[in-house]
Structures are given as structure tokens and as C-alpha cells.
Amino acid sequence: MAAAEVGDDVLDGDPTMRELEERVAQLLGMESALWVPSGCMGNTIALMLHLQRGDRFLATRAAHVLDNELGAAAWLAGGIPEPLPWDAAPGRPSPEAVTKAAGTNGPYYRLRTPLLCLENTHNAAGGAVTGPEEQAALVAAARAADLRVHLDGARIWNAAAALGVKPSELTVGVDSVQACLSKGLGAPVGSLVAGSRAFVEEARRVRKMLGGGVRQGGVLAAAGLVALDRLDRLYEDHDAARQLATGLAELGWKVREPHTNIVLAEVDDLHQWLGRLREAGVLASSMDGCVRFVTHRDVSRQEIGEALRRIAGRAHG
Ligand SMILES: *Cc1c(COP(=O)(O)O)cnc(C)c1O
């Protein structure tokens, strides 16, 4: 970061920002990409561009854009949210659910539904992965109903690693995608929102409007470039999550099988368990009524072993 070549990215561009944006556009198989300070801003920009005030949008139930962005989709983008059921699998709607919720073009007085938001991996479903064929079927259902598609790919890198495919295989047919550098990849800050060249040109205007334009951004982009070098090692986090899940199951915990780097465990007393874990020096949070553990670049396999030993020691604590 200290050695990054910089310019003024609000005025006339920053070379390190450009390098990061081009590299990510290529990885995601999109024409163009724009750095944004956070995933929330990336999603908000996309929704602002895809929706007009009073438009309805479809999103998978418990999606980040529905539950974890303080209503920005409504407040800033003017959208009316319509959650889609997890009727295909946890975190995954079926194409039929998309078709049903989209409805058909009606007379002028009908509510408009121009957008489907997908999320891969699905955070609240415990990092659940949607594969390329399933994704293609969802995109096809959206297209057939005249919907555009935004993919919240905050964790798309984990989905690609888990499936053994390129990230670009998970964006086929989507109009825009948001991807985070700051989750499993470990950058301190930064996400990208990607789409067509025209989409990104408009996105740059909206980013400025939201206060997300930065001047010597190369300092931050440099951290993003380092983060991308970790793409090939995400499987380590997934291995660590499986190790943790197996160890917890051996201790008698009711664990949901992890798809990626998130482990959800069902416990009788969530609050009490979060306290016990904290006392044991094992940091976890809660999600969907479960204890939620996340593995990442700073958690080694030895440390998973140590965490399991400490959890075992607290079993009746
Ligand atoms: C973390 C996350 C975001 C938002 O990213 P921030 O950088 O925290 O704003 C959006 N979508 C999903 C699925 C996420 O996991």
C-alpha cells in the first residue's frame, strides 16, 4: 500500500485503481468494474441504477440486500422488496418461484417488477453455494419475465472455490455483480461493482453522489490486489470450516454441513453459548438462531484444533 502508484480517482483516474478494476472485471467476466468502499455501497448503486422509485424487486429470503443494509434498497433506490422462498434448497429459490413472483406484464396500472437479486454464496443460509446450471436456470426465468439480474457476489470467490469453477462462470447472463475484497480475501476495505461499460459509467456518477469517490485511492486498491492473490487459497478456509464442523459434531453439537467458510451450529441456548465461547476466547456470532463461526486467512488449522479443545472444556460450563 505504501508503494502504490496513485493519481486522483475523482478527477482523472488512479493507475492502481484502474489495475484493480480491470483485473476484477476480467475475473468476473464483466465488461467493466468500479471500486467502491463497501459491499453495501456496491449493491445500493446497482439497485439505484436498476430500479425506479416504486418498482418491486425480487430477492432471495434473508438476502443481504433485504435484511442487512438498513433498508437502503427502499430508502435510496426506492424499491419494494419481495422475498423469494428457499424452495430449491437453503438460500436458493427455484426458477418457478422467480416466474411466479415476477408475474406477467400487465396494463399500465400494474406494479412493475424489473429486477431479480441473487446472492452467491448466500450468507444467511450459512454460505450456501449456487452452481452454474442452477444459476443459469434462475437467470433464464428472470429473462423470460423481462427482469434484469443483479448478483450480490460479496462471497462469489468462495462459491467459485467450493465449486472448482472460475468466478466468471457464476456471472453468466447477469447484468451486474458486486464482489467484496474485504471478506475471506482479507483486504481492509473495498468491493467492486461490475457490469457493462455503460452501467459502470453511470455507477461512477452514483458512487460520487453517495460520497464514495476517493482521491488517492491507489493506496486502498493496492490492498485489493494483494487480496486477489489469495483466490487460489480459499480452499484452506473451507478445509478449516469442515475441520471445525467435524470436530463440533464429535463433541455432540448439531452442525449444519458447511459449503464454504461459514459453520452454523444449532444450540439450545444461543445467548448462553455465545457467552461461554467468548469466555473461552473463541469468537463467534449468531445467525438464523444458530452459532455462526467463520474461518478466514488468519485462522490456521492448529487454531481450529485449539478452538475445539477450548469448546470441549466449556461443554458443561
Ligand atoms: C458482507 C456482505 C455484503 C456487504 O459488504 P460490506 O462491505 O460489509 O458493506 C453484502 N452482501 C453479502 C452477501 C455480504 O456477505
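Contact means heavy atoms within 4.5 Å of each other. Axes are lines fitted to C-alpha atoms, for helices over the stretch in contact, and angles run from 0 to 180 degrees between N-to-C directions. Helices (H or I, at least four residues) and strands (E, at least two) are DSSP runs, numbered from the N terminus.

This is a predicted model, in which local features need pLDDT of at least 70, side-chain atom pairs count only at pLDDT 80 or more, and totals for chains, interfaces and linings use all residues. Residues are numbered from 1 along each chain as its sequence is written, and side-chain values use heavy atoms, with hydrogens and water left out.

**Exercise 1. Find the domains and say how they meet.**

Step 1. Domain bounds come from an automatic or database domain assignment. This assignment gives domain 1 (15–229) and domain 2 (233–312).

Step 2. Take the centres over C-alpha atoms. The centres of domain 1 and domain 2 are 28 Å apart.

Step 3. Look at the contacts. In domain 1, 18 residues touch 12 residues of domain 2.

**Exercise 2. Trace the sheet of seven strands.**

Step 1. Two strands pair if DSSP finds at least two bridges between them. Strands of a sheet pair through backbone hydrogen bonds, either parallel or antiparallel.

Step 2. Read the order. The seven strands run S1-S7-S6-S5-S4-S2-S3 in an open sheet with mixed pairing. Strand S1 (32–36) and strand S3 (80–84) are the edge strands, each pairing on one side only. On average, neighbouring strands of this sheet are turned by 20° against each other, direction ignored.

Step 3. Pick one pair. Strand S4 (residues 115–119) and strand S5 (residues 148–152) pair in the parallel sense, over five bridges. Leu118 stands opposite Leu151 in S5.

Step 4. Add a helix. Helix H1 (residues 15–28) packs on the sheet and touches S1, strand S6 (176–180) and strand S7 (191–195). The direction of H1 makes about 125° with that of S1.

**Exercise 3. Do the same for the sheet of four strands.**

Step 1. The order is S8-S9-S11-S10 in an open sheet, and the pairing is antiparallel.

Step 2. Why is one side of S8 and of S10 left without a neighbour in the sheet? Strand S8 (254–255) and strand S10 (285–287) stand at the edges with a single partner strand each, so one side of each has no neighbour in the sheet.

Step 3. Strand S9 (residues 262–266) pairs with S11 in the antiparallel sense over four bridges. Leu264 stands opposite Arg292 in S11.

Step 4. Helix H10 (residues 234–250) lies across S8, S9 and S11 and runs at about 15° to S9.

**Exercise 4. Describe the largest pocket.**

Step 1. Rolling a probe the size of a water molecule over the atoms shows where empty space is left. On a 1 Å grid over the protein atoms alone, a cavity is a set of points where a 1.4 Å probe fits but cannot get out, and a pocket is an open set with protein on both sides within 12 Å along at least five of seven lines; lining residues have an atom within 4 Å of a point. Grid points are joined across faces, edges and corners, and a volume is the space filled by probe spheres set on the points.

Step 2. The largest pocket holds about 350 Å³ of space. Of its 15 lining residues, the closest to its centre are Val282, Leu283, Val299, Glu303 and Ala307.

Step 3. Strand S11 (290–294) and helix H12 (301–313) are the elements that give two or more residues to this lining. H12 gives the most, with five residues.

Step 4. Sort the lining by class. Ala, Val, Leu, Ile, Met, Phe, Trp, Tyr, Cys and Pro count as nonpolar, Asp, Glu, Lys and Arg as charged, and the others, Gly among them, as polar. The lining of the largest pocket has eight nonpolar, three polar and four charged residues.

**Exercise 5. Describe the largest cavity and the loop after S4.**

Step 1. The largest cavity has a volume of about 60 Å³.

Step 2. Its lining includes Leu118, Glu119, Asn120 and Leu151. S4 and helix H6 (132–144) each supply at least two lining residues. By class, the lining has four nonpolar, five polar and two charged residues.

Step 3. Where is Thr121 placed? Thr121 is in the loop between S4 and H6. A cis peptide bond joins Asn120 and Thr121, with omega about 0°.
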